[in-house]
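Biologist: Hello! Could you take me closely through one spot in this model, and then show me what the rest of the chain looks like around it?

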Amino acid sequence: MSRVEVDKIQQQCGSTLTVGGGAGKTVTVDSTTVTIGRCGGTVSLASGATQSGFGSSGPVVDWQTSSIKTGDFTAVSGEGYFVNTTAGSVTCTLPSGPSAGDYCGFIDYARTWDTNYCYLGRNSSKIQGATEDWVGYENGQQVTLLYVDGTQGWLPISENLQSSENVDPFVAATGGTITTSGNYKIHTFTGPGTFSVTKLATSAPNSAADYVVVAGGGGGGVGEASPGGNRRGGGGAGGYRESPGSATGCYTVSPRGAAPATGITVTATGYPITVGSGGSIAPPNGPGGNGSDSTFSTITGTGGGGGAQFNLPVPCGGGPKSGGSGGGGGGRSGCVGSSGGAASPVTNPVQGTAGGPATPGTSPGSIDAGGGGGGALCAGAAGAPNGPGGVGGAGGISSINGTPTARAGGGGAGSEVGAGGAGGNGGGGAGVSGTGTGTSGTVNTGGGGGGKGTGTPGTSGTGGSGIIILRYKFQ
């Protein structure tokens, strides 16, 4: 083997020194330190040759300048990507089943990673020994990752990443009573307050909130104070609104027809919360008061309609009140009983149903009964001849807080004889016959108040106050 000993090899011209004899040749340098000229330069191997001893500054990333990434994608080993998060956060999924020596790089294209994060999905491999995704969230950040082994997985060989535990990519908010259900946080308001969003999620879908908004239920109506007049009170009504749960994962909602496709997308602001109070009890021979509205953002639940009273002269049936759900009708013997109040205003999906009609009194001495108040799902039932009073309509059932709960049931109607009507499932108060007192709607369900029949003492029930429940993803 021939050997040449010289103190210095220098290129004849230019800044590139080419060594190696072609494909299959190996160039070996004894020292791991190689100096190329006085001012640096490069050593270039001939095509197909290999080298050892020159050292290495790490893998050379093939930057994909022709394809700026603005949406989620899966990286390929050896490639580098310019990730533009101007329009929203981007998830870069690392290669699947990597081998030792695989590498890829990522650069903040528009210097927006501090606003919309760049997530690195580990794709079942570890990142710096951790079984969690990592995130770039610094303005102008750049990182190159090299896969080492199954113990440490991907390691950064330039720049540092932050663990996803150090960055919260979800909504942060205050207000109301806060509980959790799985990956979701629930804010419950039983009175006025403010839902304050202090931080938005880094992607729009995680900034969505589902809701249940229930207004105050209407108060029950009452019959004539003196006994023997065969007067009836109508049942109060409840009102109800909800999103279908599509924004924050599947949970049970009531089957109420067409519903909005999503919940509310929140912004970083304070949302005033109004929780409606229940309608007042009826004065003697008077109607129940309507409940008050409940409001969150653009969603308003309308207060329930009060139950109807008996009224003279003919046709004797005092008009029930419309509301989120309508109040039940009232009447007396020998008169035409009134129909139930309507659900108003009409929303999509509807937030309530109509109250039930009173049973007409066809002749003096006949016994009739008031109609039940409408509920979120079912209309109030009509009063029956000779009693009992009409049953309140059933309310809606939602598991927004992790527990299936019925709310916004209609109030049962009063009757002169026989039993008063039962309250609807969801907090509706029961009606009463004779001299008893109607049951009030359950607090914070929006249930309608129970109506009262003829005689003293006793009165109708008040409507139940409303409630607002909000739900969003927090982890």
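What does Gly-402 count as, and at what relative accessibility?

Modeller: Gladly! This is a predicted model, where local features need pLDDT of at least 70 and side-chain atom pairs count only at pLDDT 80 or more, while totals for chains, interfaces and linings use all residues. Residues are numbered from 1 along each chain as its sequence is written, and side-chain values use heavy atoms, with hydrogens and water left out.

Gly-402 counts as partly exposed, because its relative accessibility is 43%; buried means under 20% relative accessible area, exposed means over 50%, and partly exposed lies in between (1.4 Å probe, protein chains only). You will find Gly-402 in the loop between strand 25 (396–398) and strand 26 (405–407). Strands here are DSSP runs of E with at least two residues, helices are runs of H or I with at least four, and both are numbered from the N terminus. The C-alpha atom of Gly-402 is 9.1 Å from that of Ile-186, although 216 residues separate the two along the chain.

Now for the surroundings. The chain has 27 strands and zero helices, and 49% of its 475 residues are buried. Among contacts (heavy atoms within 4.5 Å) with a separation of 6 or more, 59% join residues 24 or more positions apart.

After strand 26 comes another loop, between strand 26 and strand 27, and it holds Ser-465. Ser-465 counts as buried because its relative accessibility is 18%. Leaving aside residues up to four places away in sequence, the residues that Ser-465 touches include Gly-216, Gly-276, Thr-442 and Asn-444.

Strand 27 (467–473) leads us to the largest nonpolar core, as do strand 18 (193–199), strand 19 (208–214) and strand 22 (270–273), each supplying at least two of its residues. A nonpolar core is a set of buried Ala, Val, Leu, Ile, Met, Phe, Trp, Tyr and Cys residues joined through side-chain atoms within 4.5 Å. This core has 20 residues, and Phe-195, Val-266, Phe-296 and Ile-468 have the most contacts inside it. Phe-195 also belongs to one aromatic cluster with Tyr-271, Phe-296 and Tyr-472. Arg-471 places its charged end over the ring of Tyr-184, 4.2 Å from the centre; that label requires NZ of Lys or CZ of Arg within 6 Å of the ring centre and within 35 degrees of the ring normal.

Apart from that core lies another, of 19 residues, with Tyr-81, Cys-104, Trp-113 and Leu-145 among them. Tyr-81 counts as buried because its relative accessibility is 3%. Tyr-81 and Phe-106 form a stacked aromatic pair, 6.0 Å centre to centre with 25 degrees between the planes. Rings of Phe, Tyr and Trp (its six-membered ring) pair if their centres lie within 6.5 Å; planes under 30 degrees apart count as stacked, over 60 as edge-to-face and the rest as tilted.

As for Cys-104, it is buried, with a relative accessible area of 0%. Its sulfur makes no bond to the closest cysteine sulfur, in Cys-92, because the two are 9.0 Å apart, which is too far. Cys-118 is in no disulfide either, with the sulfur of Cys-92 being 3.6 Å away; a disulfide needs a pair of cysteine sulfur atoms within 2.5 Å. The structure holds zero disulfides.
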